[in-house]
Amino acid sequence: MVAVSTPSFWLGIVLLTVFSFRLQWFPVAGTEGVQTLVLPAVTLALPIAGVLAQVLREGLETALAEPFVVTARARGLSRIAVRVRHAFRHAAIALLTLSGWLTGTLLGGTVLVEKVFARPGIGALTLQSVNTKDMPVVMGVVLLAALVFVVISQVTDLLYLVIDPRLRKG
């Protein structure tokens, strides 16, 4: 719940304070090297991971209450095998659906995270283009975002076929 309810700009400031200023494990700002990407990536991923973890937990609880779990256990499968082979597949459908949709929030949250970590990126480019009324760049970013959504939607639909064998028949 904490990861979900924490604003990304505040989380970024806390991560900078702890891991850059106090522990000095990561650079405060910059664009060279993988180390400069760690804190911004964690800042963007943590709230989304919190939502996905909640959905996965709920899906697993629902799937483990289904009759097929009793049947699988009666066939002699261990608890871990039932969870991995059967229950996780059922829980992963909701997880997959939500993760495709959450991509939009990831694109929207980049503007604040780029400002906190002083990184150049598509969010800052979009903000600058809107302020200067540079319509070709704004339209290009919107088209890129639309393309990303289309591709992710298609990949999500294909992954449904991999996860749920009932969809393959027919």
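User: In which helix do E61 and R57 both lie?

Analyst: In this predicted model, the side chains of E61 and R57 meet in a salt bridge, with 3.4 Å from N to O. E61 is partly exposed, at a relative accessible area of 44%. The two residues are four apart, about one turn of the helix, and both lie in helix α3.

User: How many salt bridges does a search of the whole structure find?

Analyst: Side chains of opposite charge can pair when their charged atoms come close. E61 and R57 form such a pair through their side chains. For the whole structure, the number of salt bridges found is one.

User: Which helix has the highest confidence in the chain, and which the lowest?

Analyst: The chain has a mean pLDDT of 86, and 99% of its residues reach 70 or more. The lowest confidence is in residues 103-116, with a mean of 78, and the highest is in residues 35-64, at 90. The highest is therefore helix α3 and the lowest helix α6, going by pLDDT as the predictor's confidence in each residue.

User: Which helix gives the largest share of the largest nonpolar core?

Analyst: In soluble globular proteins, nonpolar side chains tend to be buried together. Here the largest nonpolar core has seven residues: L11, L15, L16, F26, L39, V113 and F117. Three of them come from residues 8-22, the largest share, and that helix is α2.

User: Which residues is F26 in contact with, leaving aside its neighbours within four places in sequence?

Analyst: F26 belongs to the largest nonpolar core, as does L39. F26 is also among the residues that line the largest cavity. With neighbours within four places in sequence left out, the contacts of F26 are F19, S20, Q35, V38 and L39.

User: How much space lies in the largest cavity?

Analyst: The count is one cavity of 30 Å³ or more. Its lining consists of F26, P27, V28, A29, G30, Q35, T36, L39, P40, F117 and R119. Of these lining residues, F26, L39 and F117 are also members of the largest nonpolar core. The space in the largest cavity is about 60 Å³.

User: Which helix gives the most to the lining of the largest pocket?

Analyst: The largest pocket holds about 190 Å³ of space. Its lining includes L107, T110, I122, T126, V141 and V148. At least two lining residues come from each of α6, α7 (122-131) and α8 (135-163). With five residues, the one that gives the most is α8.

User: Is G109 buried or exposed?

Analyst: G109 is found in helix α6. Leaving aside neighbours within four places in sequence, G109 is in contact with S8 and L44. Its relative accessibility is 15%, and the cut-off for buried is under 20%, so G109 is buried.

User: What distance separates the C-alpha atoms of G109 and P7?

Analyst: G109 and P7 are 102 residues apart along the chain. S8 is one of the residues in contact with G109. The C-alpha atoms of G109 and P7 are separated by 9.6 Å.

User: What is the phi of Q24?

Analyst: Most residues other than glycine have a negative phi. Q24 is found in the loop between α2 and α3, and Q24 is exposed, with a relative accessible area of 63%. Although Q24 is not a glycine, its phi is positive, at about 55 degrees.

User: In which loop is K133 found?

Analyst: K133 has a positive phi, near 55 degrees, and is a residue other than glycine. At 69% relative accessibility, K133 counts as exposed. K133 is found in the loop between α7 and α8.

Technical notes
Residues numbered from 1 in each chain as written. Predicted model: local features only at pLDDT ≥ 70, side-chain atom pairs only at ≥ 80, totals over all residues. Heavy atoms only, no water. pLDDT = per-residue confidence, 0-100. Core = buried A, V, L, I, M, F, W, Y, C linked by side-chain atoms within 4.5 Å. Buried < 20%, exposed > 50% of the residue type's maximum accessible area, 1.4 Å probe, protein only. Contact = heavy atoms within 4.5 Å. Salt bridge = Lys/Arg side-chain N within 4 Å of Asp/Glu carboxyl O. 1 Å grid on protein atoms, 1.4 Å probe; cavity = no way out; pocket = protein on both sides within 12 Å on 5 of 7 lines; lining within 4 Å. Points joined across faces, edges and corners; volume = space filled by probe spheres on them.
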